[in-house]
Amino acid sequence: MLRLTEVCRVHGEGDTAVHALRGVSHEFAAGSFTAIMGPSGSGKSTLLHCASGLDTPTSGTVQLDGLELSALDERARTELRRDRIGFVFQAFNLVASLTAEQNVLLPLRLAGQRPPATLAAELLAEVGLGGLGQRRPGQLSGGQQQRVAIARALAARPAVLFADEPTGALDTTTARAVLDLFRATIDTHRQTTVMVTHDPVAASAADRVLVLADGRVVDVLTDPTPALVADRLAGLGVDPVGSEA
Ligand SMILES: Nc1ncnc2c1ncn2[C@@H]1O[C@H](COP(=O)(O)OP(=O)(O)OP(=O)(O)O)[C@@H](O)[C@H]1O
């Protein structure tokens with residue numbers, strides 16, 4: 001389980017200090033799928049970075065399965081990110097010169113492991129890309145590239161998967177397929193999944209939606225529908241369609 005307790009993050013000091021998070025507490029149950037929403041500047045990225053150990057809270061704690069991230073030194077935190085946490089980004093971040101299979105195995109290889117030759121093909125088959133393992137990113141569609149990125153993120157069988165606008169660069173149908181893939185992999189592997197999104201439709205694929213405003217959790221929506229999410233955001237002055245970058 002991933003637990004945030006009174007997490008605050010202040011950028012800068014004195015007059016120019018920005019309070020990006022102002023005491024966020026939340027438990028992300030093992031195997032749950034949570035979307036993070038909120039107006040621009042409300043602290044979504046900062047929350048993702050603090051929860052994943054990429055950034056350190058100014059105060060408060062982040063615990064993954066009882067292990068407190070801020071108590072670890074930088075090296076131990078890097079190892080924890082590598083072994084227990086997966087990341088998926090809007091821009092896919094694949095290496096253009098490598099094949100899909102090589103991209104999927106790259107993090108494991110960089111960690112000094114020698115994964116079995118069949119692992120990449122298995123992971124790619126799992127995300128619906130069986131037979132495309134020898135293609136390079138430039139020979140794949142956007143949705144297929146995001147599937148490669150998801151297979152790569154899942155290669156180490158992480159406890160938590162963080163996704164930052166994973167459908168932001170995809171058309172509606174492809175986005176839906178990627179969200180369905182998240183759900184299928186959660187059902188199979190039970191990885192806790194946390195996704196930042198501006199899209200109420202994407203958010204409604206999650207079990208619950210955490211709504212941030214001005215660095216605080218102002219709402220938690222369970223069994224979200226696109227209409228409910230859009231309505232809640234409109235109440236915060238956000239135009240969900242207009243805010244979709
Ligand atoms: N490195 C930084 N230095 C100073 N201020 C920062 C830094 N990173 C973020 N901030 C500020 O912290 C606040 C929260 O930023 P954050 O990026 O977490 O918001 P967000 O909800 O992800 O926004 P968006 O939807 O626009 O991506 C903003 O006011 C932002 O300007």
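**Note on the ligand shell and the two sheets**

1. In this predicted model, the ligand is surrounded by His11, Gly12, Val18, Ala20, Gly38, Ser40, Gly41, Ser42, Gly43, Lys44, Ser45 and Thr46. By class, this shell comprises 9 polar, 2 nonpolar and 1 charged residues.

2. As to where these residues sit in the secondary structure, β2 (18–28) and α1 (44–51) each contribute at least two residues to the shell around the ligand. The largest share comes from α1, which supplies 3 residues.

3. Concerning confidence, the average pLDDT of the chain is 93, and 98% of the residues score at least 70. The model has an ipTM of 0.97 and a pTM of 0.93. A general caution still applies: predicted coordinates should not be read in detail where pLDDT is low.

4. An unreviewed UniProt entry lists residues 2–239 under "domain: ABC transporter". In the model, this span is 35% helix and 26% strand, and its end C-alpha atoms are 30 Å apart.

5. One open sheet contains 4 strands in the order β2-β1-β4-β5, with antiparallel pairing. Its edges are β2 and β5 (67–68); each has a single partner strand, so one side of each is left without a neighbour in the sheet. The edge strand β2 is also one of the elements that supply at least two residues of the ligand shell.

6. Within that sheet, 8 bridges connect β1 (residues 2–11) with β2 in the antiparallel sense. As a reference point for inspecting this pairing, Leu4 has His26 of β2 as its bridge partner.

7. A second open sheet is built from 6 strands, ordered β6-β7-β8-β3-β9-β10, and its pairing is mixed. The edge positions are taken by β6 (85–89) and β10 (216–222), each of which pairs on one side only. On average, neighbouring strands of this sheet are turned by 20° against each other, with direction ignored.

8. Helix α5 (residues 142–154) packs on the six-strand sheet, where it touches β6 and β7 (160–164). The direction of α5 makes about 165° with that of β6.

9. Which strand does β3 (residues 33–37) join through 4 bridges? The partner is β9 (residues 208–213), and the two strands run parallel. In this pairing, Ala35 has Val209 of β9 as its bridge partner.

Note on methods: Residues are numbered from 1 along each chain as its sequence is written. This is a predicted model: local features need pLDDT of at least 70, side-chain atom pairs count only at pLDDT 80 or more; totals for chains, interfaces and linings use all residues. Two strands pair if DSSP finds at least two bridges between them. Axes are lines fitted to C-alpha atoms, for helices over the stretch in contact, and angles run from 0 to 180 degrees between N-to-C directions. Two residues are in contact if their C-beta atoms, placed from the backbone, lie within 7 Å. A residue is near a molecule or strand if its C-beta atom, placed from the backbone, lies within 6 Å of it. Ala, Val, Leu, Ile, Met, Phe, Trp, Tyr, Cys and Pro count as nonpolar, Asp, Glu, Lys and Arg as charged, and the others, Gly among them, as polar. pLDDT is the predictor's confidence in each residue, from 0 to 100. UniProt positions are given in the numbering used here, feature names are shortened, and annotations may be inferred rather than shown by experiment.
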